[in-house]
Amino acid sequence: MTESRTEVLAVLSELAQAWNDGDAAAYARLFTEDADYVTFFGVNMPGRALIESAHRSLFEGPLKGSKLADGGGEPKVRFIRPDVAVVVVGGGSALDGDKPEPGRESTLTYVLVKESGGWRVASFQNTRVSDPAARAA
């Protein structure tokens, strides 16, 4: 599984590079045709075409020049089957710097599947990190 783990993490690295380059087409190509992309707002963007279109708008608009930032910690990679992996990792985006900006820290969950062309993201969930106890105070 070491080789598969390396391949899965390479896809996440390619995702980050495509984001950092502002390349919506390259970003979307790393998803399956029927992928589900759930934003931190809880909105599902189903399908590669919508993922590309939405990210093109983001990269040309409010997230222009943003960079994906490592949230620290080693990604947790778990293989459900040899051709299905779940990855949970911290991260976020930054308009300036290499750490997620305050309030933009997330826990990211990916489900990747191995297809004939390599590993692709079949499902993605971005959940903002928050402290419910602090909100209640």
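**Figure 1. Arginine 56 and glutamate 52 form a salt bridge in helix H3 of this predicted model.** The closest N and O atoms of arginine 56 and glutamate 52 are 2.7 Å apart. Because the two residues are four positions apart in helix H3, about one helical turn separates them. Arginine 56 counts as partly exposed, at 34% relative accessibility. Glutamate 52 also counts as partly exposed, with a value of 22%. Side chains of opposite charge can pair when their charged atoms come close. The structure holds five salt bridges, and two further examples appear in the next views.

**Figure 2. Glutamate 7 and lysine 114 are joined by a salt bridge.** In this pair the closest N and O atoms lie 3.6 Å apart. Glutamate 7 belongs to helix H1 and lysine 114 to strand S6, so the salt bridge ties together parts of the protein that are 107 residues apart in sequence. With 26% relative accessibility, glutamate 7 is classed as partly exposed. Lysine 114 is likewise partly exposed, at 42%.

**Figure 3. Aspartate 83 and arginine 81 meet through their side chains.** The contact is a salt bridge with an N to O distance of 3.0 Å. Aspartate 83 has a relative accessible area of 29%, which makes this residue partly exposed. For arginine 81 the relative accessible area is 48%, and this residue too is partly exposed. The limit for calling a residue exposed is over 50%, so arginine 81, at 48%, stays in the partly exposed class.

**Figure 4. The largest pocket has a volume of about 720 Å³.** Its lining consists of 32 residues. Nearest the centre of the pocket are Leu68, Gly92, Leu108, Tyr110 and Phe124. By residue type, the lining divides into 20 nonpolar, nine polar and three charged residues.

**Figure 5. Helices and strands both contribute to the lining of the largest pocket.** At least two lining residues come from each of helix H1 (2-20), helix H3 (48-60), strand S3 (67-70), strand S5 (84-94), strand S6 (105-115) and strand S7 (118-128). Helix H1 gives the most, with six residues.

**Figure 6. Phe40, Phe41 and Val43 make up a nonpolar patch on the surface.** Together the three residues have about 320 Å² of accessible area. Phenylalanine 41 sits in the loop that runs between strand S1 (31-38) and strand S2 (44-46). Its relative accessibility is 68%, so phenylalanine 41 counts as exposed.

**Figure 7. Alanine 16 of helix H1 is shown with leucine 68.** These residues are 52 positions apart along the chain, while their C-alpha atoms are separated by 5.9 Å. Alanine 16 is partly exposed, with a relative accessibility of 23%. Leucine 68 is one of the residues that lie nearest the centre of the largest pocket.

**Figure 8. Glutamate 60 of helix H3 is shown with aspartate 23.** The C-alpha atoms of the pair are 9.8 Å apart in space, and the residues are 37 apart in sequence. Glutamate 60 has a relative accessible area of 60% and is therefore exposed.

**Figure 9. Valine 113 of strand S6 is shown with proline 82.** A distance of 9.0 Å separates the C-alpha atoms of valine 113 and proline 82, which are 31 residues apart along the chain. Valine 113 counts as buried at 19% relative accessibility, because buried means under 20%. Across the whole protein, buried residues make up 36% of the 137 residues.

**Figure 10. The protein contains four helices and seven strands.** Along the sequence these elements follow the pattern α-α-β-β-α-β-β-β-β-β-α. Helix H1 includes alanine 16 and also glutamate 7, whose salt-bridge partner lysine 114 lies in strand S6. Strand S6 contains valine 113 as well. Helix H3 holds arginine 56 and glutamate 52, together with glutamate 60. Helix H1, helix H3 and strand S6 are among the elements that each supply at least two residues of the lining of the largest pocket.

Conventions. Residues are numbered from 1 along each chain as its sequence is written. This is a predicted model: local features need pLDDT of at least 70, side-chain atom pairs count only at pLDDT 80 or more; totals for chains, interfaces and linings use all residues. Side-chain values use heavy atoms; hydrogens and water are left out. On a 1 Å grid over the protein atoms alone, a cavity is a set of points where a 1.4 Å probe fits but cannot get out, and a pocket is an open set with protein on both sides within 12 Å along at least five of seven lines; lining residues have an atom within 4 Å of a point. Grid points are joined across faces, edges and corners, and a volume is the space filled by probe spheres set on the points. Ala, Val, Leu, Ile, Met, Phe, Trp, Tyr, Cys and Pro count as nonpolar, Asp, Glu, Lys and Arg as charged, and the others, Gly among them, as polar. Patches are made of residues with over 30% relative accessible area and no salt bridge: like charges are joined within 9 Å, nonpolar side chains (Val, Leu, Ile, Met, Phe, Trp, Tyr) within 5 Å. Accessible areas come from the Shrake-Rupley method with a 1.4 Å probe; for residues, only the protein chains shown count as cover. A salt bridge is a side-chain nitrogen of Lys or Arg within 4 Å of a carboxyl oxygen of Asp or Glu. Buried means under 20% relative accessible area, exposed over 50%, partly exposed in between (1.4 Å probe, protein chains only).
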